[in-house]
Amino acid sequence: MSFERGISELENIVNQLESNSTSLEDSMQLFEKGTKIINFCNNELTKAEAKLQELTQDLPQQQNP
């Protein structure tokens, strides 16, 4: 799964939960799936942030006037 796919899945889950058309059991399953996707997306963001830090650490710092 990609980050973008995860976000799309989360939007779909939120829409389903907000529609109030799912049973309690289905809602709980959707919620569980959503929390797993959130963890995945957070992990991807953390990795991307670390990579950006790595790539920019050797760039010269700009001085503000």
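1. Let us start with charges. Lys and Arg count as positive here, and Asp and Glu as negative. Counted that way, the protein chain carries 5 positive and 11 negative charges, and the mean positions of the two groups are 6 Å apart. Please keep in mind as you read that this is a predicted model.

2. Next, the overall fold. What are the numbers of helices and strands in the protein chain? There are two helices and zero strands. Helix α1 takes in residues 3-18, and helix α2 takes in residues 24-56.

3. Now look at the outline of the model. Along the principal axes, the C-alpha atoms of the protein chain fill a box of roughly 60 × 25 × 15 Å. The radius of gyration of the protein chain is 18 Å, whereas a compact globule of 65 residues would have one near 11 Å. Turn the model on your screen and compare it with those box dimensions.

4. The surface deserves a moment too. Of the 65 residues in the protein chain, 14% count as buried. The chain exposes about 5,700 Å², and carbon and sulfur atoms supply 51% of that area.

5. Glu9 is a good residue to click on. You will find Glu9 in helix α1. Is Glu9 buried or exposed? Glu9 counts as buried because its relative accessibility is 15%, and the cut-off for buried is under 20%. If we set aside neighbours within four places in sequence, Glu9 is in contact with Lys33 and Ile37.

6. Ser27 makes a nice companion case, this time in helix α2. Its relative accessibility is 17%, so Ser27 counts as buried. Which residues does Ser27 touch, leaving aside neighbours within four places in sequence? The contacts of Ser27 are Leu17 and Thr22.

7. On to salt bridges, of which the structure holds five. One of them links Lys36 with Glu32, with 3.6 Å between the closest N and O atoms. Both residues sit in helix α2, four residues apart, which is about one turn of the helix. Lys36 counts as exposed because its relative accessibility is 54%, and exposed means over 50%. Glu32, at 44%, counts as partly exposed.

8. Another salt bridge pairs Glu44 with Lys47, and here the closest N and O atoms are 3.0 Å apart. Where do these two residues lie? Glu44 and Lys47 are both in helix α2, three residues apart, or about one turn of the helix. With a relative accessibility of 25%, Glu44 counts as partly exposed.

9. Further along helix α2 come Lys51 and Glu54. Their salt bridge has its closest N and O atoms 3.8 Å apart. Because Glu54 and Lys51 are three residues apart in helix α2, about one helical turn separates them. Both ends are partly exposed: Glu54 has a relative accessibility of 48%, and Lys51 has a relative accessible area of 42%.

10. To finish, go back to Glu9 with salt bridges in mind. Which residues do salt bridges with shared partners join into one network? The members are Arg5, Glu9 and Lys33. Lys33 is also one of the contacts of Glu9 mentioned earlier, and Glu9 itself counts as buried. Try showing the side chains of Arg5, Glu9 and Lys33 together, and you can view this network in one picture.

Conventions: Residues are numbered from 1 along each chain as its sequence is written. This is a predicted model: local features need pLDDT of at least 70, side-chain atom pairs count only at pLDDT 80 or more; totals for chains, interfaces and linings use all residues. Side-chain values use heavy atoms; hydrogens and water are left out. The radius of gyration is taken over C-alpha atoms; the globule rule is 2.2 Å times the number of residues to the power 0.38. Buried means under 20% relative accessible area, exposed over 50%, partly exposed in between (1.4 Å probe, protein chains only). Accessible areas come from the Shrake-Rupley method with a 1.4 Å probe; for residues, only the protein chains shown count as cover. The place of a charge is taken as NZ of Lys, CZ of Arg, CG of Asp or CD of Glu. Contact means heavy atoms within 4.5 Å. A salt bridge is a side-chain nitrogen of Lys or Arg within 4 Å of a carboxyl oxygen of Asp or Glu.
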